[in-house]
Amino acid sequence: MPNIVVVGVQWGDEGKGKVVDVITPHVDVVVRYQGGNNAGHTVVVGREKYVLHSIPSGILHPGRRCVVGCGVVVDPGSLIEEMEALVQRGVTLDGNLFISRNAHLIMPYHPALDRASEAKLGRRRIGTTGKGVGPAYVDKAARVGIRMADLLDERLFREKLELNIAQKNRLLRDIYDAQTFSVEEILNPYLRYAGWLAPYITDTALLLSRWIDSGYDVLFEGAQGTMLDIDHGTYPYITSSSTTAGGAATGTGVPPTRIHGVIGVSKAYTTRVGGGPFPTEMSGAVGEAIRTRGNEYGATTGRPRRCGWFDAIVARYAVRINGLDAVALTKLDVLDQCETVKVCVGYRHRGEVLTEFPEDETVMAEAEPVYEDVSGWLASTNGAQNLADLPAKARHYLDRLEELIGVPFCLVSTGAQRAETILIEDSPLTRWFPSVRTSLF
Ligand code: IMP
């Protein structure tokens with residue numbers, strides 16, 4: 001019975017939603033293990049469009065149990081909005097949605113601190129989503145965070161809130177010259193949220209353990225991507241959680257010994273939102289064309305994404321850090337009109353060519369990409385469902401990427417629709433889920 005993690009290979013927005021959507025019908029449980037409502041994906045089911053930030057998209061598949069694990073930080077107001085939108089469209093949450101008692105809350109002072117800190121950083125700002133995710137994880141590590149279970153105990157919640165308000169108001173007023181908060185203005189709405197959320201708050205680590213004991217399959221849905229991981233990403237231009245496969249264990253309480261495989265999702269090129277080094281970033285008309293063709297605008301903030309060529313150094317690093325068994329490659333069709341497609345095969349730094357990802361932040365910032373040029377295929381791959389249907393040059397591009405990455409592709413996406421997909425026969429994905437083809441065609 002496979003329990004599988006899906007992670008982003010790059011800086012997020014790789015199209016994990018499509019891959020998760022294809023696998024979900026073949027598992028019993030889908031779990032989010034890190035991040036918060038900084039993530040966002042839009043799922044289209046028939047004529048309905050759903051935007052999900054904190055709830056796993058598995059909720060749109062009837063009967064799938066969805067878990068928000070202890071590693072997630074939850075903005076309860078935003079979560080309830082998502083829940084209400086789902087309920088209005090007939091989605092059943094009761095018995096399908098489970099929220100960890102230990103997940104930390106995003107409090108109103110967290111987005112305020114997030115924005116104030118960004119403003120203070122000036123040109124060194126991270127370019128956060130402004131949702132308060134970083135400051136909520138700061139409180140978690142500082143051991144003053146407020147957790148889901150605290151919402152259910154009014155006396156304890158008030159006590160922790162009072163302590164935090166005293167501390168946060170000093171920070172907001174004295175350091176950031178920003179607006180402060182009163183206990184009452186937070187207490188009342190949060191106690192209302194408690195009433196809404198109470199039926200869903202539970203010991204999810206125990207539930208997951210029992211479900212796995214009884215043979216249920218679990219899909220761990222990563223948010224953001226490897227390069228935004230707090231330990232392994234391009235620090236300090238990262239998000240504040242463990243986005244890589246290891247986070248699936250710590251962020252849920254499911255031990256590594258019960259996880260059987262990891263699929264990485266990567267675009268056929270690269271994008272990044274926010275600040276920080278990005279060696280293969282394209283400037284000018286080519287970058288602009290990719291942004292338009294790929295509709296590269298943030299799902300949460302609407303910000304234009306920075307676009308760049310495929311970076312094999314990053315992809316190989318993601319294989320190593322996550323232990324990837326296979327890669328799902330998305331948005332191949334976005335490159336259809338490129339005369340030449342570039343692939344980064346090394347970083348030039350002070351006269352040396354590096355072929356492993358440099359951990360040192362200054363090296364990454366100064367790295368110049370070493371490119372290999374691949375001849376563009378200048379033909380449509382949109383909607384292709386078989387490798388044999390691709391132009392020879394597009395197949396050559398895929399073969400070269402696979403060779404550089406060192407693990408096989410399990411799926412190549414050639415369009416936004418579910419069926420616009422090439423499923424690779426006899427890959428880890430088809431071995432774990434032999435009937436996965438049925439969810440595509
Ligand atoms: P934060 O997660 O809001 O603190 O933002 C930190 C960095 O992560 C910024 O560069 C954001 O643009 C980036 N980030 C956070 N969530 C996502 C996502 O879902 N996709 C892409 N980038 C993200």
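**Exercise 1. Find where Pro-236 lies, and describe the peptide bond that leads to it.**

Step 1: Pro-236 belongs to the loop that runs between strand β10 (218–221) and helix α9 (246–250), where helices (H or I, at least four residues) and strands (E, at least two) are DSSP runs, numbered from the N terminus. The model is a predicted one, in which local features need pLDDT of at least 70, side-chain atom pairs count only at pLDDT 80 or more, and totals for chains, interfaces and linings use all residues. Residues are numbered from 1 along each chain as its sequence is written, and side-chain values use heavy atoms, with hydrogens and water left out.

Step 2: The peptide bond from Tyr-235 to Pro-236 is cis, with omega near 5°. Most peptide bonds are trans.

**Exercise 2. Determine which sign phi has at Arg-143 and at Asp-426, and whether these residues are buried or exposed.**

Step 1: Arg-143, in the loop between α4 (133–142) and α5 (148–151), has a positive phi of about 65° although it is not a glycine. Asp-426, in the loop between β20 (421–423) and α14 (428–432), is likewise not a glycine and has a positive phi of about 55°. Most residues other than glycine have a negative phi.

Step 2: Buried means under 20% relative accessible area, exposed over 50%, and partly exposed in between (1.4 Å probe, protein chains only). Arg-143 counts as exposed because its relative accessibility is 76%, and Asp-426 counts as exposed because its value is 61%.

**Exercise 3. Describe the surroundings of Asp-333.**

Step 1: Asp-333 sits in the loop between β15 (326–330) and β16 (340–349).

Step 2: Although Asp-333 is buried, it has no salt bridge, that is, no pairing of a side-chain nitrogen of Lys or Arg within 4 Å of a carboxyl oxygen of Asp or Glu. The nearest side chain of opposite charge, Lys-18, is 7.7 Å away, with Lys and Arg counted as positive, Asp and Glu as negative, and His and the chain ends not counted.

Step 3: Leaving aside residues up to four places away in sequence, Asp-333 touches Thr-381, Asn-382, Ser-413, Thr-414 and Gly-415, where contact means heavy atoms within 4.5 Å.

**Exercise 4. Work out how far the ligand's oxygen atoms are from the side chains of Thr-129 and Thr-239.**

Step 1: A polar side-chain atom of Thr-129 lies 2.6 Å from an oxygen atom of the ligand.

Step 2: For Thr-239, the distance from a polar side-chain atom to an oxygen atom of the ligand is 2.6 Å.

Methods:
A polar contact is a pair of N or O atoms within 3.5 Å; within protein, one must be able to donate a hydrogen and the other to accept it, and residues adjacent in sequence count only if both atoms are side-chain atoms.
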